[in-house]
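This briefing addresses the arrangement of a sheet and the helices that pack in its vicinity. Please consult the sequence and the structure shown below while reading.

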Amino acid sequence: MARAFLVVMDSVGIGGAPDADTFFNGDVPDNGANTFGHIAQACAAGLANEGRSGPLQVPHLAALGLGSALELASGMRVDGLDVPVDGTWGAATEVSRGKDTPSGHWELAGLPVPWDWHYFTNTENSFPRELVEFVSRAAGTDGILGNCHAPGTAIIERLGDEHIRSGWPICYTSADSVFQIAAHEEHFGLDRLLALCEAIAPHLHEMRVGRVIARPFVGDAETGFQRTGHRHDYAMPLPKPVLTDWVQDAGGHVCAIGKIGDIFSMQGIDEVRKGTDAVLMGHLFDLVRDAAEGSLTFANFVEFDSIYGHRRDVSGYARALEWFDVEIGKVIAMLRPGDMLVLTADHGNDPTWVGTDHTRERVPVLVAGCPEGTLGQIAFKDVAALVARHLGVAVPM
């Protein structure tokens, strides 16, 4: 029997989405954004030398066809990526009307989102009064802090001390369909934060808000605040079975690495392993070594997006790509005959672009464990079918 490893490099887009001009960062449309391509160009130009230097070094991803996928998606060519390809590669285009985590992951798992998400479009005073009052009552406080669009690390730096003094939760959003609550693990309490998010999630889901996210942090104003690994996403339940269900129903074991379990509300998932990206890579090594025949391992490496993309940190993103390339090379070397490893992404987050939000882009599809060749231009949902066919699992019509 076969095994499959589906790995999402969160936000590693390759430009070229045909509808990018209908998605925006502020007043600027996303057409022209190209996460991977612009990072590679910045490295080649010597503009991404913090903690690294020179052209972007991703030989394993290049050998799987990343440079070819980039050119197919957007027409961009980057020196150093035009190497012999030992894998199957393509570029995938999304149809769901979102450039967010649930939209991308659900569609990669075979389900284009069948509705329009609700977004909080005002960058200040983002939430309606009724929602603020509802959350305050659920939290047992007289109000909330934040109520705006903000990067998660910046808002805890700005409001963390006031949060500790007042006891009010920090509530914020972004261009995504999310309601996020940051709270101190000790002063507010981790269990209390998780219970609050769980309590309000059904109401937000009725509004078609895709996720309520608990964002716990620790620290103080003097030494600085840091988010912890206890993040938890309360995602809207999926309306139909997806790849994880298909595999599980066929008798295969499904393991989720990272935030996959949260994104899919544990639907079709047997086991979850969490941690920082470095810890998650260790989990992936373990599962490549030990996972059962017929199993699916579905992983998300989020730090490209959460730490570097939203902060528009080009050098940091480049360092993360180079680290990932080294580690995924070790994974490829561990694969057994009959294994399939699929590397892809869920959207873009071009760190050279304006604003701080995701960018609407095509994504690479790089496959190790298949005969060398090209998939061409495919749909996100074709990724689910590719994995299912490899495992001998039926794809529902």
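Two strands are taken to pair if DSSP finds at least two bridges between them. The model is predicted, and in it 8 strands form an open sheet with mixed pairing.

**The sheet**
- The strand order is β12-β11-β13-β1-β14-β15-β4-β16.
- The edge strands, β12 (271–273) and β16 (373–379), each pair on one side only.
- From one strand to the next, the twist averages 15°.
- Strands β1 (residues 3–9) and β14 (residues 339–344) pair in the parallel sense over 6 bridges.
- Val8 stands opposite Thr344 in β14.

**Helices on the sheet**
- Helix α3 (residues 66–74) packs on the sheet and touches β4 (88–93), β15 (363–368) and β16; the direction of α3 makes about 35° with that of β4.
- Helix α12 also packs on the sheet, where it touches β1, β13 (296–301) and β14. The direction of α12 makes about 165° with that of β14.

**The α10–α12 contact**
- The axes of helix α10 (residues 277–290) and helix α12 (residues 314–334) come within 9 Å and cross at roughly 10°.
- Angles under 35 degrees count as roughly parallel, and α10 and α12 are therefore roughly parallel to each other.
- On the α10 side, the contact is made by Asp277, Ala278, Met281, Leu284, Phe285, Val288 and Arg289.
- On the α12 side, Trp323, Phe324, Glu327, Ile328, Lys330, Val331 and Met334 take part.
- By class, this contact has 10 nonpolar and 4 charged residues, and no polar ones.

Definitions and conventions
Residues numbered from 1 in each chain as written. Predicted model: local features only at pLDDT ≥ 70, side-chain atom pairs only at ≥ 80, totals over all residues. Heavy atoms only, no water. Axes fitted to C-alpha atoms, helices over the stretch in contact; angles between N-to-C directions. Helix = DSSP H or I, 4+ residues; strand = E, 2+ residues; numbered from the N terminus. Parallel < 35°, antiparallel > 145°, perpendicular 65-115°, else oblique. Contact = heavy atoms within 4.5 Å. Nonpolar A, V, L, I, M, F, W, Y, C, P; charged D, E, K, R; others polar.
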